[in-house]
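Here are some friendly notes to read alongside the model. I have set them out as numbered points, starting with the strands and ending with the enclosed and open spaces.

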Amino acid sequence: SPDSGEILINDINLNDCNDFSDIRNNHIGFIFQFHNLIPELNVIENISVPALISGKKVDQDFLNTLFEYFGLLNKKDSFPLDLSGGEKQRVSVMRAIINKPSIIIADEPTTALDVTVQAQILKILDQLRKERSLSIIFISHDFGVISQICDRIIVMYAGEIVEQGQSTEILNNPQHPYTASLIKCVPQLGERNAELYSIKGSPPILDNLPHGCKFAGRCDFMKSNCKENNISLNTSTKRTVRCLYPLSIS
């Protein structure tokens, strides 16, 4: 049932919460796909917004540590208009952790960045995760990026989980055709004549989903019964997969 199960953050069961303000303010940070900084506020003021909303005083020592850590000591009084794309995204990361959360939700935080700056942001997030014992929910369609930072992967299609497992397992041995297709879409450096792979067809309309497997219409391995009934997650193997005919079960 979609209403079953628990969501626990620091042993707090969200199902039992009536007021989520403490959870949002003190336990969760959010990095947007695009920096979403307030243009009228300078860098310090933008970073301080979550603390002010939650009624906290900004921890100045922690703030100074962040500026040094992110290499933005000379940008404290700058406005978003004066910053590069990479600097704006670093400010966004600082804003997400100013309240010292235990979880960061990162919604495609490197999509609008060039490859060099993207690598810098990923390195910073990975260091923060390890040094501050953070959990990061990293939302992305780019398996090249995911492979650099994630320990565990959950693949979703049309609002459903279609596969989940340890990153190394999924990257080296994808079992759902959609997962395998996404991995194929990652360009391979050094292969000059290689064609860029794309998944055929289009995603289904979410308010008019087809019967059976939602990916069946785009799948090269589809059989007639794939479209008959809704398909449950198969948890009988080490890997959780929503497919009647997984690519490889070991």
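1. A good place to begin is Ile-153, which stands opposite Gly-165 in β7. The two belong to an antiparallel pair in which six bridges join β6 (residues 152–157) to β7 (residues 160–166). Strands count as paired here if DSSP finds at least two bridges between them. Strands (E, at least two residues) and helices (H or I, at least four) are DSSP runs numbered from the N terminus.

2. Before going further, please keep in mind that this is a predicted model, where local features need pLDDT of at least 70, side-chain atom pairs count only at pLDDT 80 or more, and totals for chains, interfaces and linings use all residues. Residues are numbered from 1 along each chain as its sequence is written, and side-chain values use heavy atoms, with hydrogens and water left out.

3. Do look at the turn between β6 and β7: the two strands form a hairpin with two residues between them, and Ala-158 in the turn has a positive phi of about 55 degrees. β7 also pairs with β8 (residues 240–241), antiparallel and over two bridges. In that pairing, Glu-163 stands opposite Val-241 of β8.

4. A separate point concerns the open sheet of three strands, which has the order β3-β4-β5 and parallel pairing. β3 (28–31) and β5 (135–139) are at the edges with a single partner strand each, so one side of each has no neighbour in the sheet. From one strand to the next, the twist averages 15 degrees. Angles run from 0 to 180 degrees between N-to-C directions, and axes are lines fitted to C-alpha atoms, for helices over the stretch in contact.

5. Within this sheet, four bridges join β3 to β4 (residues 103–107), and Ile-28 stands opposite Ile-103 in β4. Helix α4 packs on the sheet and touches β3 and β4, its direction making about 165 degrees with that of β3. Contact means heavy atoms within 4.5 Å.

6. α4 (residues 85–97) also packs with α2 (residues 43–53), at an angle of about 35 degrees and with the axes 7 Å apart. Val-43, Asn-46, Ile-47 and Pro-50 of α2 make the contact with Val-91, Met-94 and Arg-95 of α4. By class, that contact has five nonpolar, one polar and one charged residues. For these classes, Ala, Val, Leu, Ile, Met, Phe, Trp, Tyr, Cys and Pro count as nonpolar, Asp, Glu, Lys and Arg as charged, and the others, Gly among them, as polar.

7. How many cavities of 30 Å³ or more does a search of the whole structure find? There are two. A cavity is a set of points on a 1 Å grid over the protein atoms alone where a 1.4 Å probe fits but cannot get out; lining residues have an atom within 4 Å of a point. The largest has a volume of about 80 Å³, and its lining has eleven nonpolar, one polar and no charged residues. His-176 and Cys-213 are among the residues lining this cavity, and they are also among those lining the second largest.

8. Finally, the largest pocket holds about 980 Å³ of space. A pocket is an open set of points with protein on both sides within 12 Å along at least five of seven lines. Of its 24 lining residues, those closest to the centre are Ile-137, Phe-138, Arg-152, Ile-153 and Ile-154. That brings us back to Ile-153, the residue opposite Gly-165.

How values were computed: Points joined across faces, edges and corners; volume = space filled by probe spheres on them.
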